[in-house]
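User: Could you take a close look at the disulfides in this model for me? I would like to know where they sit, how they are twisted and what surrounds the story, ring pairs included.

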Amino acid sequence: MDPHSEEPEFSNDFRQLRLVGPHEPCIGDLEIRYRGQWMSVCTTHWDESYGEIVCRQVGCNVYDALQIKPISRKDGPLLLNKVQCNGTDISSSGCSFTVSNAEVCESRTIVSIYCKVAAQRLVLADGGSPCAGRVEASNNVRFFVTICGRGFGMNEARASCSYLGCGDAVSGSGNSQFGVGKWPMLQVAIHCDGTKDVPWKCERKALAHPNCSGETEAAGIVCSGHREPRLVGGSDRCHGRLEIVHGATWGTVCDWHWDLQDARVLCRTLKCGQVISVIGGAYFGEGSGPVWQEAYGCQGNEASLWNCASAPRPQHTCTHERDVSVICSGQKGPRLVGGNDSCSGRVEILRDEIWGTVCDTYWDLQDAAVVCNHLRCGVALSAPGGALFGEGNGSIWKDIHECRGNEMRLNDCLVSSWGHRPCTHKNDAGVICSVEQWQLRLVDGKGVCDGRVEVYYGGVWGRVIDSQWDLRDADVVCRQLNCGSVINVYNYSKHATGRGPVLMDNVTCNGSERYLWNCTFAQPNHLSMGDDVGVFCSDHHPITLIDGGSRCAGRVEVYYNDTWGTVCDDYWDLTDGHVVCKDLNCGYALNVTVSGWFGQGSGPIWMDNVNCSANNSALWQCPARARGENDCFHKEDAGVICSDHKAIKLVNGANPCQGRVEVFFNGTWGTVCEDFFGDENARVVCAHLGCGSGKPVLQSSVFGQGSGQIWLDDVKCRLHDSLLWQCPSSPWGQHDCNHGHDVGVICSESKPPKQRVAMKEETMNQVPEYADLRLVKGPDRCSGRVEVYFNGTWGTVCDDSWDLRDATVVCGQLNCGDPELASARDLFPQGNGTIWLDEVKCTGGERTLWDCKFAAFGDHDCGHKEDVAVICSGQQVHAPSFNSLRIFVYVIPCILGSALIAVSLQLAKGSIRNFQNGRRKLLHPDLPGPVYEEIDPQQPVTGLDSHSISSVDSDLLEHEDEDFTRVDARFDDDFGNEYDDIE
């Protein structure tokens with residue numbers, strides 16, 4: 001067998017042949033076994049009639065088409081060339097051929113054959129119904145091919161629509177309008193002459209240019225029988241006005257022809273969960289175009305809308321005023337399973353067409369209330385756990401829903417990953433909603449006790465309008481909702497105009513009714529342009545934390561009298577912080593902050609002298625001055641950091657956007673293990689920090705090893721996760737890593753966005769000759785209120801920017817050892833007279849307070865309640881200071897009366913002043929800094945150091961016998977300088 005020989009060979013035995021490829025046995029490259037080897041066949045001299053013989057011989061019935069393929073290396077070194085057979089069966093008749101190298105094949109192509117099978121199929125994919133979509137055909141029960149769209153037009157589309165029983169063609173295209181399929185592209189052009197009603201009868205032609213592209217050249221068809229639904233006018237694609245396309249024309253559906261079973265199938269078709277309600281009367285507004293008169297006869301268990309029977313109904317005078325609307329639970333929406341009705345049962349949530357259960361560990365009545373709102377099932381009666389309604393199966397979603405209870409849909413709640421403890425289907429959560437005919441709620445306000453009044457009746461939420469709405473009407477609403485008494489009423493659209501029918505009009509209450517529907521009212525059940533009514537109840541006291549990086553840390557702001565305002569830090573302590581954290585479902589207070597540590601607020605200061613106890617459950621219950629009565633400025637705004645606060649940072653990198661990943665949890669910074677930490681995790685971290693995209697760094701040597709806690713392990717972020725702790729992971733603090741596996745991230749940006757913040761100008765001042773310092777009103781000279789002597793008068797020091805470093809200088813200057821309490825203003829009485837110093841900023845190494853930076857003498861924005869006080873240890877740690885020597889220098893001349901000594905004294909005084917001035921120039925060579933400074937938004941306001949945090953100083957624990965009930969102390973600088981947002 002000489003591959004270079006041109007002498008023909010003969011064979012009467014080609015029984016062993018096959019079609020080879022991913023879609024074998026009926027499509028593939030032809031190979032014939034000759035002399036113990038499988039060989040491809042060169043197309044030179046190949047007769048297409050041989051294809052029918054090949055298809056019969058491989059058991060694939062009828063020959064379909066020849067495809068010509070370029071020779072590749074995988075086709076082997078030898079092939080059969082110039083095959084010519086004499087009979088009708090190449091397996092028994094004599095065939096001549098040559099055995100040659102691939103280079104000898106003149107056409108440079110090999111034979112590839114498509115055979116038909118008995119079960120031919122044509123489908124239209126991804127078009128919304130069986131009568132529209134990308135054209136895909138099957139000649140084998142095991143696979144499909146996508147039809148090339150070159151030259152594909154109306155004739156080809158008509159043949160396909162006729163074959164599918166979908167009516168006439170509306171359009172035919174070849175531009176991949178229905179997307180890219182998963183099947184290979186058929187490298188053959190289909191040509192129909194307009195007379196064929198079956199696509200298999202159309203002509204197949206070889207492509208002039210091979211490699212028809214699935215991305216841009218797939219054939220697509222829309223037939224007149226195409227029916228595709230959609231919901232429009234709602235906030236998402238799963239609720240709104242129903243519209244159905246007929247062919248290429250969209251129209252609405254009359255509410256006479258639509259029921260709950262039809263809607264159940266519609267929600268399933270749209271992959272929108274389960275039906276919540278069917279609403280007539282153009283609830284989401286009137287549509288346009290035709291109003292379809294056909295009626296669907298769905299049983300409720302069909303897989304899609306086109307599986308339901310449909311028939312035209314006699315013509316009615318149905319207009320767009322009767323357009324039907326449907327509300328589905330939606331993606332990430334709930335359903336209740338296993339209960340007595342659709343308003344009670346085991347909670348299951350839809351994600352990507354998969355229903356999963358919810359763990360009862362963090363499930364509460366607020367979450368249940370939102371499920372009842374979402375499903376339009378009234379109010380929540382209970383949130384039972386322990387699989388009360390039976391155990392589910394499949395997925396258990398690892399999410400904590402942090403609902404406040406007034407959200408209208410479950411996907412409006414904040415979500416974080418639980419990952420704290422194992423959960424099985426024995427812990428499946430449930431919900432029991434009320435099924436009363438009437439329900440009441442307030443919407444679009446600042447909380448559950450403020451907003452526009454809506455009532456539920458007959459399966460739909462509707463509006464309440466009343467031009468004479470008054471305090472007696474509103475008081476019934478507040479009392480019914482357990483919101484106290486009425487504070488204010490609105491009979492105009494303060495909270496935006498509602499949608500849906502008017503269910504109550506001209507309400508008249510005497511004020512003693514138990515329910516609003518016990519009052520006299522009209523029930524018109526129609527749409528109206530009238531104004532909705534609203535209520536503001538006494539128990540509506542929303543509270544929030546601002547600018548702290550998460551909803552569980554920040555400046556405390558409260559809502560009162562229709563306005564947000566702040567809380568003054570007078571008497572602000574951990575007990576007050578605990579109440580705030582508990583009210584916000586944020587755990588307990590780790591620290592409380594003072595002096596506007598989270599930045600200054602604006603507007604009114606609503607609360608001052610707050611004095612909570614452990615029995616208070618809301619800040620408004622705590623004793624305090626009257627609302628709005630205070631003697632504070634916004635630089636005294638109070639804040640809190642709760643235990644549920646989480647933050648993230650990158651450390652030891654060249655910039656804030658690269659480094660070792662550390663997260664703040666339960667009051668402590670810790671690292672993240674590299675196990676399973678991939679690109680998606682890095683993307684979440686970088687996006688969270690405002691640093692673009694990112695890549696993980698799995699070698700701890702790059703950014704160094706961390707210390708302390710390893711908080712997270714086995715983190716696997718998903719596309720929809722926006723925060724690292726939303727991603728599935730091992731429980732917090734559980735891991736099998738050491739710090740040698742601490743993960744790092746390098747983000748695409750070098751720094752996060754910046755903001756400009758105005759800073760008070762600070763300076764070095766020329767200290768007068770007779771400035772002095774003392775501590776007063778304490779038990780000894782080493783504790784008390786700080787006072788300075790200037791311009792012949794003793795005055796106080798304001799606590800703005802005051803911290804441990806400033807106290808260190810004071811104690812050292814007075815030869816009183818080290819500071820035990822840096823800010824003890826609540827322990828000593830307020831001063832009077834002049835406030836000499838403000839914004840003191842020492843480094844801690846200065847010899848005297850005058851060597852520190854501070855505002856000009858007498859320049860301040862403080863009151864005496866901000867007078868700073870210090871408690872020093874009282875130990876002698878160095879030689880007498882310059883202040884002590886000064887007394888000696890002035891007493892000697894008086895005793896000796898010597899002119900010589902007086903002259904010496906003057907020389908000494910000059911030398912000392914020169915020494916002080918020279919030392920200041922040495923320590924502070926620069927002039928005052930700029931008024932504005934670039935700061936990182938992940939940091940608190942620059943210049944507000946740890947002094948501003950109020951908690952029990954760790955040093956104070958050594959002196960438990962001292963009766964200090966309210967103290968100001970410092971907070972961890974590491975946390976204070978770097979944190980970021982979670983929610």
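Analyst: Happy to; here is a walk through the disulfides, followed by the aromatic rings. This is a predicted model, in which local features need pLDDT of at least 70, side-chain atom pairs count only at pLDDT 80 or more, and totals for chains, interfaces and linings use all residues. Residues are numbered from 1 along each chain as its sequence is written, and side-chain values use heavy atoms, with hydrogens and water left out.

First, the setting. The protein chain has 12 helices and 60 strands (DSSP runs numbered from the N terminus, helices being H or I with at least four residues and strands E with at least two). Of its 983 residues, 53% count as buried, where buried means under 20% relative accessible area, exposed over 50% and partly exposed in between, with a 1.4 Å probe and protein chains only.

Now to your disulfides: the structure holds 28, each a pair of cysteine sulfur atoms within 2.5 Å. Let me take three of them in turn.

One joins C42 to C105, with 1.9 Å from S to S. The torsion about its S-S bond is about 75 degrees, so this disulfide is right-handed. C42 lies in the loop between β4 (37-41) and α1 (50-57), while C105 lies in the loop between β7 (95-101) and β8 (109-116), so the bond ties together parts that are 63 residues apart in sequence. C42 is buried at a relative accessible area of 0%, and C105 is buried at 1%.

Another is formed by C581 and C642, whose sulfur atoms are 2.0 Å apart. Here the torsion about the S-S bond is -90 degrees and the link is left-handed. C581 belongs to helix α6 (residues 574-583) and C642 to strand β45 (residues 639-642), distant parts of the chain 61 residues apart. C581 counts as buried at 0% relative accessibility, and C642 is buried with a relative accessible area of 0%.

The link of C686 and C747 also has an S to S distance to report, 2.0 Å, and it is left-handed, with -85 degrees about the S-S bond. It connects helix α7 (residues 679-688), which holds C686, with strand β51 (residues 744-747), which holds C747, 61 residues apart. C686 is buried at 0% relative accessible area, and C747 is buried at 8%.

On to the rings. There are 14 aromatic pairs, counted when rings of Phe, Tyr and Trp (its six-membered ring) have centres within 6.5 Å; planes under 30 degrees apart are stacked, over 60 edge-to-face and the rest tilted. The rings of W258 and Y296 have centres 5.8 Å apart and planes at 75 degrees, so they meet edge-to-face. W258 is in the loop between β19 (249-253) and α3 (260-269) and Y296 is in strand β22 (residues 294-296), so this pair ties together parts 38 residues apart in sequence. Both W258 and Y296 are buried. For F790 and W836, the ring centres are 4.7 Å apart and the planes at 85 degrees, so this pair is edge-to-face. F790 lies in strand β54 (residues 783-790) and W836 in strand β57 (residues 835-837), so parts 46 residues apart in sequence are tied together. Both F790 and W836 are buried. Ring pairs also link W438, Y515, W517 and F521 into a cluster.
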